[in-house]
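Hi,

Here is the structure I promised to pass on. Have a look at it first, and my notes follow underneath.

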Amino acid sequence: MTVLATELDQVAAALRTARRDRRPVTAPTATWPALDADAAFEVQRINVDLAVAGGDRVVGHKLGNIAKAMQDAFGLDQPDYGFLLASTFAYEGTTLARESYIEPFVELEPAFVLGRDLRGPNVTVAEVISAVDYALPAIEIIDSRVQNWAIDLPDTLADNGSTGSVLLGGTPRPITELSLRNTRGALYFNGREVITGNTGHILGNPVNAVAWLANRLADYGIGFEAGQVILPGSCLQAVPMNEPGRWEGVFDGFGGVGFEVAVTG
């Protein structure tokens, strides 16, 4: 059974409305059982194209649920991926409203900024290293438009990889100065350490994850462009973001990034 173009438009519209109104919907795969990963990616592209037509910009790509801890937490057995839109980026040190999200979680990961184009298939780790201009510590706030995060892979793909917001730290470093296969990272809330992880949990090395993503997106005719931000996935299990206070993500020997959460409702 295939999903009709009109049904793809219906899935896309339901997710757009959920994002706009901050009201979750039933998992698309429950309403449209024929929705598979390829069809869900088409839904993702529909909404990204509409956002760009409305004045937004694609500024990068993300990989999610790459670490086993994340797959276990959300019941997935393979990664998801999505476009990064300029409208989802926030400045570190600023205050974000909890009410701007549905059911958000905080993740810590490195971010890579490309100095040259990178396009699969058959991208190697060496080519990724050559293409990366610098790395930054980053926090991604993931947020699902699917009720209770009851997602299968097509659901999160249709939802653009459950993107919420991205915050980049201000300590750019060449990756030759970093030990990305073994760098400890930790999330702090109001000064208290709440969880730790290691960049080695990101497919053994987050550079590997970038190569994986470049090759996967090549199947859809998508390549990475110089200047784009690539998020390879979280190095630790995501933590719910429900209370007011200050979040800080820190990588040993690399740097950190932080923000405030305000709850007004």
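**Strands E1 and E2, and onwards**

E1 and strand E2 (residues 80-85) pair in the antiparallel sense, with 6 bridges between them. One pair to click on is His 61, whose bridge partner in E2 is Phe 83. Before going further, bear in mind that this is a predicted model.

E1 also pairs with strand E10 (residues 229-231), this time in the parallel sense and over 3 bridges. There, Lys 62 has Leu 231 of E10 as its bridge partner. How much of E1 is buried? For strand E1 (residues 58-64) the count is 6 of 7 residues, so the strand is largely enclosed by the rest of the structure.

**The largest pocket**

This is probably the part you'll want to open. The volume of the largest pocket comes out at about 560 Å³, and 31 residues line it. If you need somewhere to centre a box, the lining residues nearest the pocket centre are Arg 19, Thr 88, Arg 145, Thr 163 and Gly 164.

Which elements build the lining? At least two residues each come from helix H1 (5-21), helix H3 (37-53), E2, strand E3 (89-90), strand E4 (95-97) and strand E7 (163-168). H3 gives the largest share, with 5 residues. So E2, the antiparallel partner of E1, turns up again here because it supplies at least two of the lining residues.By class, the lining splits into 15 nonpolar, 9 polar and 7 charged residues.

**E4, E12 and E13**

E4, one of the strands in the pocket lining, runs parallel to strand E13 (residues 255-262), and 3 bridges join the two. Ala 97 has Ala 262 of E13 as its bridge partner. E13 also pairs with strand E12 (residues 245-251), in the antiparallel sense and over 7 bridges; here Arg 246 is matched with Glu 260 of E13. E12 and E13 form a hairpin with 3 residues between them, and Gly 253 in the turn has a positive phi of about 70°.

**Thr 183**

Last one: Thr 183 sits in the loop between E7 and strand E8 (184-189). Is this residue buried or exposed? Thr 183 has a relative accessible area of 8%, which is under the 20% cut-off, so Thr 183 counts as buried. The side chain of Thr 183 reaches the backbone oxygen of Ser 179 at 2.6 Å. Setting aside neighbours within four places in sequence, Thr 183 is in contact with Gly 197, Asn 198, Thr 199, Phe 251 and Asp 252.

Cheers

Methods. Residues are numbered from 1 along each chain as its sequence is written. This is a predicted model: local features need pLDDT of at least 70, side-chain atom pairs count only at pLDDT 80 or more; totals for chains, interfaces and linings use all residues. Side-chain values use heavy atoms; hydrogens and water are left out. Buried means under 20% relative accessible area, exposed over 50%, partly exposed in between (1.4 Å probe, protein chains only). Helices (H or I, at least four residues) and strands (E, at least two) are DSSP runs, numbered from the N terminus. Two strands pair if DSSP finds at least two bridges between them. On a 1 Å grid over the protein atoms alone, a cavity is a set of points where a 1.4 Å probe fits but cannot get out, and a pocket is an open set with protein on both sides within 12 Å along at least five of seven lines; lining residues have an atom within 4 Å of a point. Grid points are joined across faces, edges and corners, and a volume is the space filled by probe spheres set on the points. Ala, Val, Leu, Ile, Met, Phe, Trp, Tyr, Cys and Pro count as nonpolar, Asp, Glu, Lys and Arg as charged, and the others, Gly among them, as polar. A polar contact is a pair of N or O atoms within 3.5 Å; within protein, one must be able to donate a hydrogen and the other to accept it, and residues adjacent in sequence count only if both atoms are side-chain atoms. Contact means heavy atoms within 4.5 Å.
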